[in-house]
Amino acid sequence: MAEQTILIAEDDPDIRDGVRILLSGEGYHIIEAENGTRALEVFRPEVDLVILDIMMPGMSGLRVCEELRKLSTVPILFLTAKSQESDKLLGLTAGGDDYLPKPFSFAELSARVKALLRRYCVYQGKGQAPARAENLTLCSHGVRLALDCNRVWVDGEEIDLTETEYKILRLLMQSPQRIFPVQVIYEDVWQEPYFYTSNGTVMVHIRNLRMKIEKDPQNPARLQTMWGKGYRFVPGEEKDHA
C-alpha cells in the first residue's frame, strides 16, 4: 500500500511537532498547518486523514471541518483541551469522525489514527485490488449503496457521506428490518468498547445521516428509531407506528 498522508492542523508548535515526529516514525507522510486557514490551503485530495485542533485562532477547527466536508469525505480526528460531552457532539455535528481530548498519550493517538485509516481504506477502496463487478451494491427503499467504495445514491442522485456515515448505513442496509442496538452500531463502526457516553456519538451521526437520505428527517421513513431498542433500516415505504 502506498504511503498514507496525514494533515495536522494545530496552532501549538510543540504539540504539532510532537505529533509529526511520532506519526512520521510510524511511516506516515505528514503535512503541517499552523492554523485553520493554512489547513484549507494545503489540503489536497491525496490526504488520507486530517487531525484538527478545535481551538485555533482565526478559523476554528469546527469551521475548517465544515469547509472540508464540502470537498471531501476524508476522516477527521479532532484534538481539543475540551472534554465535555457537548463539545464532543459539536465536533461530530460539524462532520468530524472521532475526538481525542488533550492531554493524550501517543498510544491513544496512534490507535485512533490506525482505526480511522483502516476504515477509510476499506470503505473508500483505497489501496485495494479491483473488486469483481457482481454483488457490489445494496438497493433498497430508493437507496443504492456501493459495497466496494463510499458511494451512495438516493432516488437516483449521488450524495456525499463521511466514511462513518457510510459505514453505519452499510451496516443497517445489509440487514434491513433488523433492529441494531446503539452498542452494536458503535462497536462495529468505531471498533472500540462501548460506553454510555457513546450514545450521543451514534445519535449525532444518525441525525447527520438522516439529513442526507430522508425526504423529511424529522419523520424518517428509511432510518427509523425503535425507542429503547436501537435503529433499523426499513426496506419499503412502511412507517413505524410503535
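**Figure 1. Packing of helix α6 against helix α8 in the predicted model.** Helix α6, which spans residues 163-174, packs with α8 at an angle of about 85°, and the axes of the two helices lie 10 Å apart. Because angles of 65 to 115 degrees count as roughly perpendicular, α6 and α8 are described here as roughly perpendicular to each other. On the α6 side the contact is made by T164, E165, I168 and L169, and these residues meet H205, I206, N208, L209, K212 and I213 of α8. By class, the residues of this contact comprise 5 nonpolar, 3 polar and 2 charged.

**Figure 2. Packing of helix α7 against helix α8.** Helix α7, formed by residues 182-190, also packs with α8, here at an angle of about 80° and with the axes 10 Å apart, and α7 is therefore roughly perpendicular to α8. From α7, the residues V182, I185, Y186 and W190 meet S198, N199, T201, V202 and H205 in α8. The residues of this contact divide into 5 nonpolar and 4 polar, with no charged residue.

**Figure 3. The open sheet β6-β7-β8-β9 and the helix that packs on it.** Four strands form this open sheet, in the order β6-β7-β8-β9, and their pairing is antiparallel. Strands β6 (137-140) and β9 (157-159) stand at the edges with a single partner strand each, so that one side of each is left without a neighbour in the sheet. Ignoring direction, neighbouring strands of the sheet are turned against each other by 20° on average. Within the sheet, β8 (residues 152-154) runs antiparallel to β9 and is joined to it by 3 bridges, and W153 stands opposite E158 in β9. Helix α6 packs on the sheet, where it touches β6, β7 (143-146) and β8, and the direction of α6 makes about 110° with that of β7.

**Figure 4. The second largest pocket and its lining.** The second largest pocket has a volume of about 250 Å³, and its lining consists of V182, N199, G200, M203, I206, R207, R210, T225, M226, W227, G230 and Y231. The elements that contribute two or more residues to this lining are α8 (198-213), β10 (223-226) and β11 (230-233), and the largest share, 6 residues, comes from α8. Sorted by class, the lining has 6 nonpolar, 4 polar and 2 charged residues. Among the lining residues, V182 and N199 also take part in the contact of α7 with α8, while I206, another residue of the lining, belongs to the contact of α6 with α8.

Terms used: Residues are numbered from 1 along each chain as its sequence is written. This is a predicted model: local features need pLDDT of at least 70, side-chain atom pairs count only at pLDDT 80 or more; totals for chains, interfaces and linings use all residues. Side-chain values use heavy atoms; hydrogens and water are left out. On a 1 Å grid over the protein atoms alone, a cavity is a set of points where a 1.4 Å probe fits but cannot get out, and a pocket is an open set with protein on both sides within 12 Å along at least five of seven lines; lining residues have an atom within 4 Å of a point. Grid points are joined across faces, edges and corners, and a volume is the space filled by probe spheres set on the points. Ala, Val, Leu, Ile, Met, Phe, Trp, Tyr, Cys and Pro count as nonpolar, Asp, Glu, Lys and Arg as charged, and the others, Gly among them, as polar. Axes are lines fitted to C-alpha atoms, for helices over the stretch in contact, and angles run from 0 to 180 degrees between N-to-C directions. Angles under 35 degrees count as roughly parallel, over 145 as roughly antiparallel, 65 to 115 as roughly perpendicular and the rest as oblique. Contact means heavy atoms within 4.5 Å. Two strands pair if DSSP finds at least two bridges between them.
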